[in-house]
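User: Please take a close look at metal binding in this model. Then set it against the rest of the structure, in short sentences I can follow at the bench.

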There are 2 protein chains.
Amino acid sequence: MLSYTEENYLKAILHQSESGEAVREVGTNELALSLQLKPASVNHMLKRLKEKKLILNEKYGKIRLTKRGRIQAVGVVRKHRLWETFLFETLRFSWDEVHEVAEQLEHIQSEKLISRLDEFLNYPRVDPHGDPIPRPDGKIPKVSARHLSLIETGQSGIVVGVRDTSSTFLQYLENLSIRMGTRIKVLNRVDYDGSVELRIGRRTSVVVSEKFASNVLIG
Amino acid sequence: MLSYTEENYLKAILHQSESGEAVREVGTNELALSLQLKPASVNHMLKRLKEKKLILNEKYGKIRLTKRGRIQAVGVVRKHRLWETFLFETLRFSWDEVHEVAEQLEHIQSEKLISRLDEFLNYPRVDPHGDPIPRPDGKIPKVSARHLSLIETGQSGIVVGVRDTSSTFLQYLENLSIRMGTRIKVLNRVDYDGSVELRIGRRTSVVVSEKFASNVLIG
DNA sequence: TTATTTTGTTAGGTTAATCTAACTTTTTAT
DNA sequence: ATAAAAAGTTAGATTAACCTAACAAAATAA
Ligand SMILES: [Mn+2]
Ligand SMILES: [Mn+2]
Ligand SMILES: [Mn+2]
Ligand SMILES: [Mn+2]
């Protein structure tokens, strides 16, 4: 059985190595940054994870999850996203509140709890941020979606997710009345810096940065 | 903010000191036994709890919760019992499965989570074992109930709780088809050892020990 | 290709929470 | 009133997870 801490490391490795499209290799410093720890601490833990055959890592080399490690990590992500869905759907938490609590709940150890929760929620495919919820067998459903920053001028679509879960971002969305299912049309794009002008629902237009647009998923 | 471990100690002190009717004082060894730890470990932690003004304890003396300590302990019990109710009512866990998982869930830190859970469950007054769920202000509703072992011969009543939450006990209940709300009539009592003959629901009679009977609450 | 920067490792410490073994104080029984 | 038993304490170790500071290797730039 893995400790709370080990689970957090594995999840961080998974997220770093599978963020974006391709499968990247992860380094000690990078991991330390994402876990808000010092490289020395991470280095120490990596040894333990290697001994437990959860990761592959040669001295001065990059980190990869073993099959076993990936299964564990995906399991934590599954729990995290199911709990987020529960908090959002059942307990009516707002979009930007679910993550912090799910960060704790994801470590509860009970197979039955998770399978019953999944059943209770009616086997959701995505969490409140639009991220896919891994199945019990570890398969992660494909969620087809494009970044808002890549939608052509004049086209529109429905918000199906976000790529940033920080509360500043989510609160900004809230202020703009953008949520899951909101229809957005790209009215215009500024070549200079990639800013885009949007119509949100049927409201008047707003301009947002490319950074912002690249964190909104349209499906 | 208290650690997982500190919360478990406070809860154990609360349970030991307020088990049964009167308010008893608790000792180091007793506490060690109930937490499945060694007295030396408990002794060490008691110092920290005292420093944090959560308990009162003089050298070689007994342990009592301070006001602050009791509030914390009751808070943990509230969370434990709300989660047990959730597992039982919402996720259809069985009577004897809820405790173990609630033991973990009780440590999740989020005021909002608990108040929303309470609301979702429609403000239950008792948990699946018939134990009262403390209110947010720390008040514990009185649940009027008598031990089955004290019911007079010929009388009957409804099961409203249990005093033992071990899984051997709860599984025995399950086997006897005794659950919350079951009607039980005391048909006969053996003077020699306090064993009682019961009719459970409208089924034929069974004989149970006094020990067993003293752990079933009739209201 | 050498110097600089970035990345990763090692050594040595700290804190929380546990343990065993030895000791002291208090309580209970004779 | 003493001896034995029970209850509680202390000392010293261990383990997981973190830290800082110093160092070594690898990657990058001049
Ligand atoms: Mn976490
Ligand atoms: Mn999410
Ligand atoms: Mn617990
Ligand atoms: Mn209970």
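Analyst: A donor here is an N, O or S atom within 2.8 Å of the metal; water is not among the atoms, so sites may look incomplete. Keep in mind that this is a predicted model.

Start with the manganese ion (ligand 2). Its protein donors are Glu84(A) through OE, Asp127(A) through OD and His129(A) through ND1. They lie 2.1 to 2.3 Å from the ion. Along the sequence, these donor residues follow the spacing E-x42-D-x1-H. Glu84(A) belongs to helix H4 (residues 67-90) of chain A, while His129(A) lies in the loop between helix H6 (111-120) and strand S3 (146-147) of that chain, so the pair ties together parts that are 45 residues apart in sequence.

How accessible are these two residues? Buried means under 20% relative accessible area. Glu84(A) has 1% relative accessibility, so Glu84(A) counts as buried. His129(A) also counts as buried, because its relative accessibility is 1%.

Now take the manganese ion (ligand 3). Its donors are in chain B: Asn8(B) (OD1), Glu103(B) (O and OE), Glu106(B) (OE) and His107(B) (NE2). Glu103(B) thus appears with two kinds of oxygen, O and OE. The distances run from 2.1 to 2.7 Å. In sequence, the donors are spaced N-x94-E-x2-E-H. Glu103(B) is partly exposed, at 23% relative accessibility. His107(B) is buried, with 9% relative accessible area.

Next, the setting: how the chains are arranged. Chain B superposes on chain A by a rotation of 180 degrees, with 0.0 Å of shift along the axis and an RMSD of 0.1 Å. That is the relation of a two-fold axis. Within chain B, Leu105(B) has the C-alpha nearest this axis, at 3.8 Å. The same surface serves both copies, as 100% of the contact residues of chain B recur in chain A.

The interface can be put in numbers. In contact are 20 residues of chain B and 20 residues of chain A. Together the chains bury about 1600 Å², 70% of it on carbon and sulfur atoms. On the chain B side, Leu91(B), Gln104(B) and Arg116(B) lose the most area to chain A. Their joint share is 29% of what that side buries.

Polar links cross the interface too. There are 2 salt bridges between chain B and chain A. One of them joins Glu97(B) to Lys112(A), with the closest N and O atoms 2.6 Å apart. Polar contacts between the chains come to 8 residue pairs. On the side of chain B that touches chain A, helix H4 (67-90), helix H5 (98-105) and helix H6 (111-120) each give two or more residues. H6(B) gives the most, with 5 residues.

Two backbone points in chain A round this off. Most residues other than glycine have a negative phi. Gln36(A) is not a glycine, yet its phi is positive, about 55 degrees. Gln36(A) sits in the loop between helix H2 (28-35) and helix H3 (39-51) of chain A. Gln36(A) counts as exposed, at 74% relative accessibility. Tyr123(A) also has a positive phi, near 50 degrees. Tyr123(A) lies in the loop between H6 and S3 of chain A, and the loop between helix H6 and strand S3 also holds the donor His129(A). Tyr123(A) is partly exposed, with a relative accessible area of 45%, whereas His129(A) is buried.

Notes. Residues are numbered from 1 along each chain as its sequence is written. Chains are lettered from A and ligands numbered from 1 in the order in which they are written. This is a predicted model: local features need pLDDT of at least 70, side-chain atom pairs count only at pLDDT 80 or more; totals for chains, interfaces and linings use all residues. Side-chain values use heavy atoms; hydrogens and water are left out. Copies are superposed by least squares on the C-alpha atoms of residues with pLDDT of at least 70 in both. Contact means heavy atoms within 4.5 Å. Donors are N, O and S atoms within 2.8 Å of the metal (3.2 Å for Na, K and Ca); water is not among the atoms, so sites may look incomplete. Helices (H or I, at least four residues) and strands (E, at least two) are DSSP runs, numbered from the N terminus. Buried means under 20% relative accessible area, exposed over 50%, partly exposed in between (1.4 Å probe, protein chains only). Buried area is the accessible area (1.4 Å probe) that two parts lose on being put together, summed over both. A salt bridge is a side-chain nitrogen of Lys or Arg within 4 Å of a carboxyl oxygen of Asp or Glu. A polar contact is a pair of N or O atoms within 3.5 Å; within protein, one must be able to donate a hydrogen and the other to accept it, and residues adjacent in sequence count only if both atoms are side-chain atoms.
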